[in-house]
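I opened this structure without knowing it beforehand. These are my notes, kept in the order in which I looked things up.

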Amino acid sequence: MRNAFARVLTELAKDDQRLLLFYADIGNRLFNPLKEFASDRTVNAGIAEANMASMAAGSAMMGHKPFIYTITPFTTARNFEQIKIDIAYQNQPVIIVGTGSGLSYANLGPTHHSFEDIALMRSLPNMNIVCPADAQELEILMPQLIELNQPCYFRIGKKNEPSVHDAEPALKFGQAHTMVAGEKVTILATGTIMPLAQALHYELSAKGINAELVSFHTVKPLDEDYLTSASARFDHIVTLEEHNVNGGFGSAVLEYVSDHTAAVRVHRFGIPDFFIDQVHSPEDARIKAGLTVSNILNKLVHRGLL
Amino acid sequence: MNLETIAAKMRHTLCDVSSQTKTPHLGSCLSCVDILATLYWRVLNIDPSMPNASDRDYFLLGKGHAASALYTALAYRGFFDIQALYEHGQTGSQFEEHPGINAPAGVETVSGSLGHALSLAAGMALSTKLQQKENRFYVLMGDGELNEGTVWEAAMFAAGKKLDNLVAIVDFNKLQGTGKSCDIMHLEPLEEKWRAFGWHTIRINGHDLNSLQNAFEQAKQYSQPVCIVADTIKGKGVSFMENDNNWHYRIPKADEVDMAKKELGL
């Protein structure tokens with residue numbers, strides 16, 4: 001997905017002189033095509049993410065549309081207070097790009113994991129949050145975020161994420177995208193965990209449950225229309241994310257549903273409330289976190305959904 | 001009105017506003033009055049009737065707790081009515097104890113959390129250079145503020161990019177919230193420290209208006225960012241406040257404001 005980000009940015013920056021990239025000394029050759037015609041707008045801010053966030057806000061005040069880019073924990077948690085005051089409070093159109101989010105860098109340990117970033121960003125007024133599921137979703141949503149001209153957190157993966165759509169989806173910022181319509185149960189997934197949601201959907205179908213499957217790429221603002229409708233149409237909402245179950249996408253859904261209706265149960269699946277270490281790969285880490293189809297099915301059986 | 005008189009009037013207003021509105025940080029405000037007076041009357045390309053002019057120079061207050069000093073400078077410079085300063089810190093006021101997004105035109109950025117302004121200004125200065133514009137950026141920081149790591153991140157970046165449209169001023173009054181700044185952190189040799197970070201550095205008496213004006217003029221001559229280390233006195237201008245760190249938080253009583261006024265020759 002990071003390649004798609006660099007490709008889309010390079011394309012858009014050709015015609016839009018306002019686009020400006022700050023990156024915190026990562027990416028190696030990723031941004032070389034951008035540098036070829038916009039070296040002055042491809043700014044290595046050094047390994048100084050807090051300064052990078054404030055600088056981006058400053059550049060936005062002068063008319064640029066900046067991106068800040070590095071591995072997720074360093075562009076969300078390390079510099080959180082700069083994001084809070086300089087980007088969110090001062091309402092500057094900076095797009096914060098967290099690459100390798102969730103478990104993308106599972107083998108690099110908790111320093112490189114990000115299971116708290118959605119929770120942090122959700123807590124900031126003025127902030128928008130978008131988590132594309134694959135490169136195609138990124139390509140469709142990224143121009144919309146630039147157009148939005150507001151603070152935005154763009155939570156992306158690393159590389160080789162499987163494509164999740166058969167045809168080009170009509171994605172719109174702020175609107176949940178129904179991939180498969182269904183009944184009784186709806187599975188809402190945000191970001192790179194979508195293939196697991198698809199596998200879960202497949203298994204439920206095999207058990208005779210025609211669930212709905214939704215790409216919930218925009219976590220903030222939450223698509224309240226969809227959730228209001230879902231509360232009426234379904235008995236169960238299942239949420240999936242590569243993020244701590246506390247404070248993330250599932251929590252946002254639960255909070256909305258709880259505040260507005262009690263008629264539907266919300267089942268949240270994500271990273272349990274512990275640090276994940278001593279793992280070799282994202283797959284390995286997902287097993288440790290219980291993010292497998294069989295584990296999720298077991299829990300749903302235990303909760304009486306099946 | 002000469003600049004000395006303007007500075008004296010600003011100091012009295014600061015004492016009176018602090019007393020009447022019960023807002024603190026008077027010592028921090030008094031130490032940077034001469035710096036602000038020099039900037040707003042002798043240095044900055046600004047027009048109070050067009051506070052958002054695109055070609056203006058930008059002043060960013062790093063030490064946001066000295067908001068009252070900034071508001072006072074802006075009021076005396078004609079951005080808004082001096083009487084409005086007495087709304088400082090009151091419910092619904094534009095003049096919050098730390099500048100917020102509702103501050104009047106003339107206040108360029110939010111402040112209050114230390115160590116943000118130099119980074120913001122570095123981003124602004126970089127953008128301005130990319131756009132081939134001539135705006136200049138001035139950032140006032142306290143010596144306590146230099147404890148923040150982001151200041152040094154921004155310092156390295158600005159020097160690396162040769163942001164010669166950026167000037168930092170350190171209000172070096174030797175005191176921070178709870179003690180002597182040079183005891184709490186290893187600040188000195190401050191001039192050499194900034195020089196080592198790639199900045200041209202000028203050290204002056206931060207209460208000498210001529211030295212201040214000369215330093216700001218000189219700062220335009222270099223092809224790198226410039227740091228003016230201004231030696232100042234916390235509480236400057238009121239004998240019983242000078243170098244007494246209680247005035248970081250203390251609020252003057254009415255008779256103390258009167259005494260201050262006399263000392264200021266007003």
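The entries below go from confidence to the chain contact, then to one helix pair and one sheet.

**Entry 1, confidence.** I noted that the model is predicted. I looked up its scores and found ipTM 0.97 and pTM 0.97. For chain B I read an average pLDDT of 97, with 100% of the residues scoring at least 70.

**Entry 2, where the chains touch.** I asked how many residues of chain B are in contact with chain A. I found 20 residues of chain B, in contact with 23 residues of chain A. I then asked which elements give two or more residues to the side of chain B that touches chain A. They are α5 (117-130) and α6 (149-160) of chain B. Of the residues on this side, α5(B) gives the most, with 10. I sorted this side of chain B by class and got 11 nonpolar, 8 polar and 1 charged residues.

**Entry 3, a helix pair across the chains.** I followed α5(B) to a helix of the other chain, α3 (residues 49-61) of chain A. The axes of the two helices are 6 Å apart, and the packing angle is about 50°. Angles of 65 to 115 degrees would count as roughly perpendicular and those under 35 as roughly parallel, so α3(A) and α5(B) are oblique to each other. I recorded their crossing as right-handed.

I listed the residues that meet here. From α3(A) they include Asn51(A), Ser54(A), Met55(A), Gly58(A) and Met61(A). From α5(B) they include Ser119(B), Leu120(B), Gly123(B), Met124(B) and Ser127(B). By class, the contact of α3(A) with α5(B) has 9 nonpolar residues, 7 polar and no charged ones.

**Entry 4, a sheet in chain A.** I traced an open sheet of 5 strands in chain A and wrote down the order β7-β9-β8-β11-β12, with mixed pairing. Which strands are at the edges? I found β7 (177-180) and β12 (265-271) of chain A there, each pairing on one side only. On average, neighbouring strands of this sheet are turned by 25° against each other, direction ignored.

**Entry 5, one strand pair and a helix on the sheet.** I checked β11 (residues 234-244) of chain A against β12(A), and the two pair in the parallel sense over 6 bridges. Within β12(A), His267(A) is the bridge partner of Val238(A). Last, I looked at α8 (residues 194-206) of chain A, which packs on the sheet. This helix touches β7, β8 (184-189), β9 (212-215) and β11 of chain A. I noted about 165° between the direction of α8(A) and that of β8(A).

Key: Residues are numbered from 1 along each chain as its sequence is written. Chains are lettered from A and ligands numbered from 1 in the order in which they are written. This is a predicted model: local features need pLDDT of at least 70, side-chain atom pairs count only at pLDDT 80 or more; totals for chains, interfaces and linings use all residues. Two residues are in contact if their C-beta atoms, placed from the backbone, lie within 7 Å. Ala, Val, Leu, Ile, Met, Phe, Trp, Tyr, Cys and Pro count as nonpolar, Asp, Glu, Lys and Arg as charged, and the others, Gly among them, as polar. pLDDT is the predictor's confidence in each residue, from 0 to 100. Axes are lines fitted to C-alpha atoms, for helices over the stretch in contact, and angles run from 0 to 180 degrees between N-to-C directions. Angles under 35 degrees count as roughly parallel, over 145 as roughly antiparallel, 65 to 115 as roughly perpendicular and the rest as oblique. A crossing is left-handed if the near helix is turned anticlockwise from the far one by less than a right angle, and right-handed if clockwise. Two strands pair if DSSP finds at least two bridges between them.
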